[in-house]
Number of protein chains: 2
Amino acid sequence: MAYERIRLESLKDKVMTAEQAALLINNGMVVGSSGFTKAGDSKVVLPAFAARAKSENLKITLMTGASLGHDTDGKLAEAGALSKRMPFQVDRALRSKINTGEVLFIDQHLSESAELLHNKNLPPVDIAVIEVAYIDRDGSIVPTTSVGNSVTFAALAKQVILEINTAVSEEVYGIHDIYQAEDYPYRNVIPIVAPWNKIGRKTIPLDPSKVVGIVFTDMLDSPADIAPADPKTTAIAKHILEFFENEVLLGHLTDRLLPIQAGIGKVANAVLMGFKDSNFYDLTMFSEVLQDSTFDLIDAGKLSFASASSVTVSKDCYQRVFGNLQKYRDKFVLRPQNISNTPGLIRRLGVIAINTAIEFDIYGNVNSTHISGSKIMNGIGGSGDFARNAYLSIFVTQAASKENAISHVLPMVSHVDHTEHDVDILVTDIGLADLRGLAPRERAQKIIDNCVHPDYREQLQSYFDRASERGGHTPHLLEEAFSWHLRLMDAGSMKK
Amino acid sequence: MAYERIRLESLKDKVMTAEQAALLINNGMVVGSSGFTKAGDSKVVLPAFAARAKSENLKITLMTGASLGHDTDGKLAEAGALSKRMPFQVDRALRSKINTGEVLFIDQHLSESAELLHNKNLPPVDIAVIEVAYIDRDGSIVPTTSVGNSVTFAALAKQVILEINTAVSEEVYGIHDIYQAEDYPYRNVIPIVAPWNKIGRKTIPLDPSKVVGIVFTDMLDSPADIAPADPKTTAIAKHILEFFENEVLLGHLTDRLLPIQAGIGKVANAVLMGFKDSNFYDLTMFSEVLQDSTFDLIDAGKLSFASASSVTVSKDCYQRVFGNLQKYRDKFVLRPQNISNTPGLIRRLGVIAINTAIEFDIYGNVNSTHISGSKIMNGIGGSGDFARNAYLSIFVTQAASKENAISHVLPMVSHVDHTEHDVDILVTDIGLADLRGLAPRERAQKIIDNCVHPDYREQLQSYFDRASERGGHTPHLLEEAFSWHLRLMDAGSMKK
């Protein structure tokens, strides 16, 4: 029965085990793999390669869509199998190897990896590993729960290994919109003017002569870990919903809003769930990852369409969606990440982007990636693709954490991922600061008044006041700008 | 004869003096004015308002395309006439008032001001002052040497004052491509797929009933100050040209390259002039400002078309171009700045963006705006619009200045305008660092090896080595990251 998923007869003799496929990946190769926030990743070939790499001391450069599931990044890292990794990761073991310098990581805007490959600004892909639901008669492939960079890997890789996942229904045919822009200098318009526009094919083109191995798997994606809402995330969501309601009252937005992008995690889920009992209706998403909350909103009749590059949901939600595709198939679409995240579409559609910050500063600069300037947490992901080009760029974080030893609102962020020029709205559990139309000194006072934890308000006001006295468009005391981070490192708290 | 430039009869009784027009601008108003890098700015009404504001103690919010000429920003600042200013300026007196906090400045991506106005994310424009060549029979207006944000100001301002500049030939009709995207949520595709595409009207639509005053002027734009090339700019240009030649050899680019954007100043001019004696041909520009070098390259038969929002050239070049429009009118076009600088077009066309940095750091972060973190120089201008979405994002600066007391290559920049995620190539007079495909630690070593001034190489290597030992994806010593800036402030040199 599994063999029926190879609808091109000539490929049937390519079937092999994961261990055999892993032998096709050699030392020093550039490997491109499917997988976007755990969804649609390689379930067996990359793990088998990790085992082989450990014993044979092999290293590869690994490019994916985004993060992988099933601890695959961790297994590869622990096996010492990665020399370079891009464009995103969330794994504890890998992160640790990146921070020691053992694995070189490129923290890339998710829309750009495919562009860079097509433009020959990255080394060519030697071999691709792509999870598919099935191989069609013409050799083209049907992806599973994500599209990611698979279209680019299939087009550019010299060799391709396919993982046919029989745990994924063949009915996923049609939930993907496979489109690639032309190469320079002959690129045309990407003709999307609304989230629900489908402009491409249903399958990923693939030259069958490049297929060097086919492996069967029967294993679901790693489920999303949905942390329950807590008082802080609930407060953040409440501030954002009140802000939207007010924008409608002011006539800036209608109660359909504009297409929403929401980063991963419990704040995004809390905001989206907040729409459930609101007056907003006919909402849409133009995002990169669809989480449980998207499908809850669809079920509640609040959300009419969602566009993204992957579906990363809990086990229950997975069954609900992929077990009832007939119900959902006209409600969402999965696109290549260089389409879901492309700057021109985000500006054309007027996306409302909601992303999570690690910390932000009084002038509106946002750090999404680094702990105390040096150590990476996960990566920028698609937040820059969206924030930079959005109609509204919203960043959220808790005001303070670790029993308030850490303030997430600071004199100066220790790493800048989103500049003061790109940020419209900052939100913590304490409150929301609307920075539109404000100069830096105005922003600072509003952020201090609205967002900082009370334990740090006086300390932050003091910094701003003393810096302002010394002068400048963006007043800083460079000798003191990182003193909060340094105090945390030295004394375990940012408090004076 | 001047009255013939008012081709709509009913507007002829609106003619008045600049002083009378200045009386229409009241305290607290939001004023939108034409003018983009000195080109096509208000020649008399804003200066007359500056005089009035000084005696009557009036303050306005002033939005423009970009910087103004004829010291108008300086006159307004010295008169205390500005409470808020956006999105760009280059004036010494205004800068000083911004840095004391007396004038609030919003340093905005040049593509975004018009968007923010249309989206009601900025306060509405009370009155617009727009320089025009003439008023057409239907009341629509023909701009002069720039388009800037005038289309938006004409559409949204409650009242409009027109300055008809008789020093500008009526033959400029047709050099502008006036197009505005639809408002959300009904925005369509902007149908430009090559720099030479013209997609709009030749005149700016204007409701004649909004015209409250018409003033005649006869005064050229402030000429561009073209500093002659010096050994440093020549060296930078040479590195860039060699890089391009090598990209052609590698098959990454053809010798037509891709559309070029070049920031303002002598480095950009030096790079463009370098093409004159090269093998490159049929070059195009998709930029924001056209300088002398653009027209020199057209004359040399090297450049076939240039798209921008303004022409800012020397006096000689002005006569050459605007005295021979028949020769040049199919070689360039001026667009609204939210079209010339729009992210989607920059990515669609694959623009090669060359912009000037104040300083950059070992990880590739670029500061384009601030001196030692606090004091603004000019502003980000369009550099972010282009760099963030470009095919190649190149930043240039001198390695050291002030008898090498200042290094422009640093452990950490004191303000981030372009993040490590957005920068491909860094160039100083010392050399070029190609950062594509490099992780932060690799970038650091390449920048130290290729770009830093020899006087600072050891010092920078020492910082990087000691930071790397402590660890991290982007190793920093936060307690020392700004020590170079602090040493400069304390001791007059960044040298240890």
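**Helix H9, chain A**

I looked up which residues of H9(A) are buried and noted A:Asp292, A:Ser293, A:Thr294, A:Phe295, A:Leu297 and A:Ile298. The model I am reading is predicted. H9(A) spans residues 292-299, and six of its eight residues are buried, so I put the helix down as largely enclosed by the rest of the structure. I then checked what comes after H9(A) and found A:Gly301, with a positive phi near 75 degrees.

**A:Glu288**

I placed A:Glu288 in the loop between strand S10 (283-286) and strand S11 (289-290) of chain A. I asked myself what the nearest side chain of opposite charge to A:Glu288 is. I found B:Arg388, at 9.7 Å. A:Glu288 is buried and has no salt bridge; the cut-off for a salt bridge is 4 Å.

I next followed the side chain of A:Glu288 and saw that it reaches the backbone nitrogen of A:Gly382 at 3.5 Å. A:Gly382 also appears in the contact list of A:Glu288, from which I left aside neighbours within four places in sequence. The other entries in that list are A:Phe36, A:Leu110, A:Gln261, A:Ala308, A:Ser309, A:Ser310, A:Asn341 and A:Phe386.

**Annotated spans, chain A**

I took two domain spans of chain A from UniProt. An unreviewed entry there gives residues 10-215 as "Acetyl-CoA hydrolase/transferase N-terminal". I noted 23% helix and 19% strand over residues 10-215, with the end C-alpha atoms 15 Å apart.

The unreviewed UniProt entry lists residues 319-463 as "Acetyl-CoA hydrolase/transferase C-terminal". For residues 319-463 I have 32% helix and 23% strand, and 52 Å between the end C-alpha atoms.

**Three-stranded sheet, chain A**

I traced an open sheet of three strands in chain A, in the order S17-S16-S23 and with mixed pairing. Its edge strands are S17 (366-367) and S23 (409-410), each of which pairs on one side only. S16 (residues 359-361) runs parallel to S23(A), and I count two bridges between them. I looked for the bridge partner of A:Phe360 in S23(A) and found A:Val409.

**Three-stranded sheet, chain B**

I repeated the search in chain B and found an open sheet with the order S17-S16-S23, again of mixed pairing. Here the edge strands are S17 (366-367) and S23 (409-410) of chain B, with pairing on one side only for each. Two bridges link S16 (residues 359-361) of chain B to S23(B), in the parallel sense. For this chain I noted the pair in which B:Asp361 stands opposite B:Leu410 of S23(B).

**Strands S1 and S2, chain B**

I checked the two faces of strand S2 (residues 60-63) of chain B and found both covered. One side carries B:Ile60 and B:Leu62, the other B:Thr61 and B:Met63, and all of these are buried. This fits what I expect, as side chains in a regular strand alternate between the two faces of the sheet. S2(B) pairs with strand S1 (residues 30-33) of chain B in the parallel sense, over three bridges. Opposite B:Leu62 in S2(B) I find B:Val31.

**B:Ser372**

I located B:Ser372 in the loop between strand S18 (370-371) and strand S19 (375-376) of chain B. Is B:Ser372 buried or exposed? Its relative accessibility is 15%, and the limit for buried is under 20%, so I entered B:Ser372 as buried. Leaving aside neighbours within four places in sequence, I list B:Ser414, B:His485 and B:Met489 as contacts of B:Ser372, along with A:Leu478 from chain A.

Note on methods: Residues numbered from 1 in each chain as written. Chains lettered and ligands numbered in written order. Predicted model: local features only at pLDDT ≥ 70, side-chain atom pairs only at ≥ 80, totals over all residues. Heavy atoms only, no water. Helix = DSSP H or I, 4+ residues; strand = E, 2+ residues; numbered from the N terminus. Buried < 20%, exposed > 50% of the residue type's maximum accessible area, 1.4 Å probe, protein only. Lys, Arg positive; Asp, Glu negative; His and termini not counted. Polar contact = N/O pair within 3.5 Å; in protein donor to acceptor, adjacent residues only side chain to side chain. Contact = heavy atoms within 4.5 Å. UniProt positions renumbered as here; feature names shortened; annotations may be inferred. Pairing = 2+ DSSP bridges.
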